[in-house]
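Please take the structure shown here as a starting point, and follow the paragraphs below with it open in front of you.

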Amino acid sequence: MISPTIPDNEKIRIKALKSFSILDTFSEKEYDEITLLASVICDTPISLISLIDEDRQWFKSKTGIDIEETPREFSFCGHAILDNSQLFTIEDSRLDERFHDNPLVTGYPNVVFYAGAPLITSDGLALGTLCVLDNKPKTLTPMQQQAMKVLSNKVISLFELKKANLLLKQKNKELESQRTELEMFANVAAHDIKSPLKNIGSLTQLLLEEYGPKLDEGANEMLNMLHTSSLILNSLVDGILNHSKAGSILEINRDEFDLKYFIDNTIQLMNSRGQYEFITLFENQSIVVNRVALQQIFINLIGNAIKYNNKEQIEITIGFSETKSHYHFYISDNGMGMVKEHQSKIFKIFEILGVEDRFGNKGNGIGLSTVKKLIEGLGGSVSVDSEIDKGTKVSFSVLK
């Protein structure tokens, strides 16, 4: 018997083999179907997917045999991977000096015929073989040989697909961990920043009320600027915190709820004193969607429709329709509108247009970016149509 030699690239080959995380895994249907098909096509009682480890050959799949592995020094597949350019065939092992006294020939499973198609990675490394065995001499036809090569390619495709899926799951796990850490940081940072900002705002307000009349015009102006700056910073921190939480909101399960009741409640949140006119253009019905995310979207869009409105009487219209795959909503107002070039910028994070709202404040460029992130996370899209001094209409869809 002549044991197989060790390939020159053995260290790289073993590293590649282990990168697939397939050694010593359980039986899987897709591999078992390939070995069964190989046995049927080649008319052999035994077929294996054999992987060559440091000191053994281990069988990922097997047809017609009940052992899990054998020593590498006895393996036919150890010879097959040395020349990975062709099918390795032994028509009668009893007549071959490399195998005639091999324990796998003289004992169970009495290998007389062997044909192994190397399993070659995209990097040209042979991990093992798809092989067929028989206990009598045999010659494969050209069609059978071609089938073995095709099936071996299918095995490698499965290996590489599973590896890609494994890497994707690992990357997703890492991203989820990073997202959780970022969200925790954002919460802690928001708390640590908002607390002193609140104190600054309260103190400046107190100074203005208590000592404003005693201070000159310049001092009052500076205190007002300080108070305004604290409010702007507080709004910015809230926006960043909401944007960081968008991913968590999207993880909440979908549920079924009454659309009119949902819209009425959202309007009540934004119009508690009834000073704005709302028109709803849809019939009462149930929808199934992520309710928390949808409410966050509506609160932000309705809030903008109120803030960026220069009319004495604010009018906001909410519409709804549905197609086979999506729910479609729109929110239109009679506000100040915006120029065409601004309409393509408003959903970009930190894109500030420099426009003051009806309360004299400027946006922070985060709210509509969060809206877009939530809508796209719900499988939809958003668009805006606006005209100066005539109003703005924001249309969006979410997946049903």
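How many bridges join strand 12 to strand 13, and in which sense do the two strands run? In this predicted model, strand 12 and strand 13 (residues 391–399) run antiparallel and are joined by 6 bridges. One place to find this pairing is at Ser 383, whose bridge partner in strand 13 is Ser 395.

The pair belongs to an open sheet of 5 strands, in which the order is 8-10-11-13-12 and the pairing is mixed. Strand 8 (277–281) and strand 12 (382–387) stand at the edges of this sheet, and because each has a single partner strand, one side of each is left without a neighbour in the sheet. From one strand to the next, the twist averages 15 degrees. Helix 8 (residues 291–307) packs on the sheet, where it touches strand 8, strand 10 (315–322), strand 11 and strand 13, and the direction of helix 8 makes about 20 degrees with that of strand 11.

From strand 11 the chain can be followed to Met 338, which is found in the loop between strand 11 (326–333) and helix 9 (340–343). Although Met 338 lies in a loop, its relative accessibility is 16%, and it therefore counts as buried, the cut-off for that word being under 20%. Which residues is Met 338 in contact with, once its neighbours within four places in sequence are left aside? They are Gln 343, Ile 346, Ser 386, Glu 387, Ile 388 and Thr 392. A further link across the sequence is given by Lys 390, which is 52 residues apart from Met 338 in sequence, while the two are 9.1 Å apart in space, C-alpha to C-alpha.

Attention can now turn to an earlier part of the chain. Strand 1 (residues 46–52) has 7 of its 7 residues buried, so this strand is largely enclosed by the rest of the structure. In a regular strand the side chains alternate between the two faces of the sheet. Here Ile 46, Leu 48, Ser 50 and Ile 52 point one way from strand 1, whereas Ser 47, Ile 49 and Leu 51 point the other way, and all of them are buried.

Strand 1 pairs with strand 2 (residues 56–63), to which it is joined by 6 bridges in an antiparallel arrangement, and the two strands form a hairpin with 3 residues between them. Within this pairing, Ser 47 has Thr 63 of strand 2 as its bridge partner. Strand 1 also pairs in the antiparallel sense with strand 6 (residues 126–134), over 6 bridges, and there Ile 49 stands opposite Leu 130.

The cysteines offer another point to examine with care. A disulfide is counted when two cysteine sulfur atoms lie within 2.5 Å, and by this rule the count comes to 0 disulfides. Cys 77 is in no disulfide, and the nearest cysteine sulfur to it, that of Cys 131, is 3.9 Å away. Cys 77 is buried, with a relative accessible area of 2%, and Cys 131, at 0% relative accessibility, likewise counts as buried.

These parts can finally be placed within the protein as a whole, which has 10 helices and 13 strands. Of the 400 residues in the protein, 43% are buried. Among the contacts with a separation of 6 or more, 67% are between residues 24 or more positions apart. The accessible surface of the protein comes to about 21,900 Å², and 54% of that surface belongs to carbon and sulfur atoms.

Methods
Residues are numbered from 1 along each chain as its sequence is written. This is a predicted model: local features need pLDDT of at least 70, side-chain atom pairs count only at pLDDT 80 or more; totals for chains, interfaces and linings use all residues. Side-chain values use heavy atoms; hydrogens and water are left out. Buried means under 20% relative accessible area, exposed over 50%, partly exposed in between (1.4 Å probe, protein chains only). Helices (H or I, at least four residues) and strands (E, at least two) are DSSP runs, numbered from the N terminus. Two strands pair if DSSP finds at least two bridges between them. Contact means heavy atoms within 4.5 Å. Accessible areas come from the Shrake-Rupley method with a 1.4 Å probe; for residues, only the protein chains shown count as cover. Axes are lines fitted to C-alpha atoms, for helices over the stretch in contact, and angles run from 0 to 180 degrees between N-to-C directions.
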